[in-house]
Amino acid sequence: MKQNPGSTIIENAKATITGFQQVYDRLQQQVILRGQSQSTLNNYIRQVAKISLHFGRLPE
């Protein structure tokens with residue numbers, strides 16, 4: 001799992017974790033439907049990305 005040092009945690013997770021983009025898209029849709037802010041999405045997805053990168057897979 002090689003990460004690009006110039007990328008964000010979320011970009012690294014999208015590039016290295018299979019299915020992370022779909023999780024991101026689904027969470028983004030849920031946050032929008034609930035009327036939550038973009039920063040809420042960023043905080044949620046950043047934590048999921050950290051867990052995913054640590055274990056090398058999605059937290060299911």
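Is Ser52 buried or exposed? Select Ser52 to start; this is a predicted model, and Ser52 lies in helix H3. Ser52 is buried, with a relative accessible area of 0%. Buried here means under 20%, so a value of 0% puts Ser52 in that class. Now show the surroundings of Ser52. Leaving aside neighbours within four places in sequence, Ser52 is in contact with Ile17, Phe20, Arg57, Leu58 and Pro59.

Next, select Ala49, which is also placed in helix H3. Ala49 is buried, and its relative accessible area is 0%. Beyond the neighbours within four places in sequence, the contacts of Ala49 are Ile9, Ile10, Ala13 and Phe20. Add Lys14 to the selection and look at the C-alpha atoms. Ala49 and Lys14 are 35 residues apart in sequence, yet their C-alpha atoms are 8.3 Å apart in space.

Then go to helix H1, residues 9-16. Which residues of H1 are buried? They are Ile10, Asn12 and Ala13. These residues cover an arc of only 160° around the axis, which means that they sit on the same side of H1. An α-helix has 3.6 residues a turn, so residues three or four places apart point the same way. What do the buried residues of H1 pack against? Their partners are H2 and H3.

Keep H1 on screen and add helix H2, residues 20-34. The axes of H1 and H2 come within 7 Å and cross at roughly 130°. Because of that angle, H1 is oblique to H2. To see where the two helices meet, select Ile10, Ala13 and Lys14 in H1 together with Phe20, Gln21 and Tyr24 in H2. By type, the residues of this contact divide into four nonpolar, one polar and one charged.

The last stop is the largest nonpolar core, which has 13 residues. Which of its members touch the most other members? Select Ile10, Ala13, Ile17, Phe20 and Ile45 to see them. The elements that give two or more residues to this core are H1, H2 and helix H3, residues 38-55. H2 gives the most, with five residues.

Finish by centring the view on Ile45, one of the core members just selected. Leaving aside neighbours within four places in sequence, Ile45 is in contact with Ile10, Phe20, Tyr24 and Leu27. Two of these names, Ile10 and Phe20, have come up before: both are also in contact with Ala49, and both take part in the meeting of H1 with H2.

Technical notes: Residues numbered from 1 in each chain as written. Predicted model: local features only at pLDDT ≥ 70, side-chain atom pairs only at ≥ 80, totals over all residues. Heavy atoms only, no water. Axes fitted to C-alpha atoms, helices over the stretch in contact; angles between N-to-C directions. Helix = DSSP H or I, 4+ residues; strand = E, 2+ residues; numbered from the N terminus. Parallel < 35°, antiparallel > 145°, perpendicular 65-115°, else oblique. Contact = heavy atoms within 4.5 Å. Nonpolar A, V, L, I, M, F, W, Y, C, P; charged D, E, K, R; others polar. Core = buried A, V, L, I, M, F, W, Y, C linked by side-chain atoms within 4.5 Å. Buried < 20%, exposed > 50% of the residue type's maximum accessible area, 1.4 Å probe, protein only. Arc of directions from axis to C-beta.
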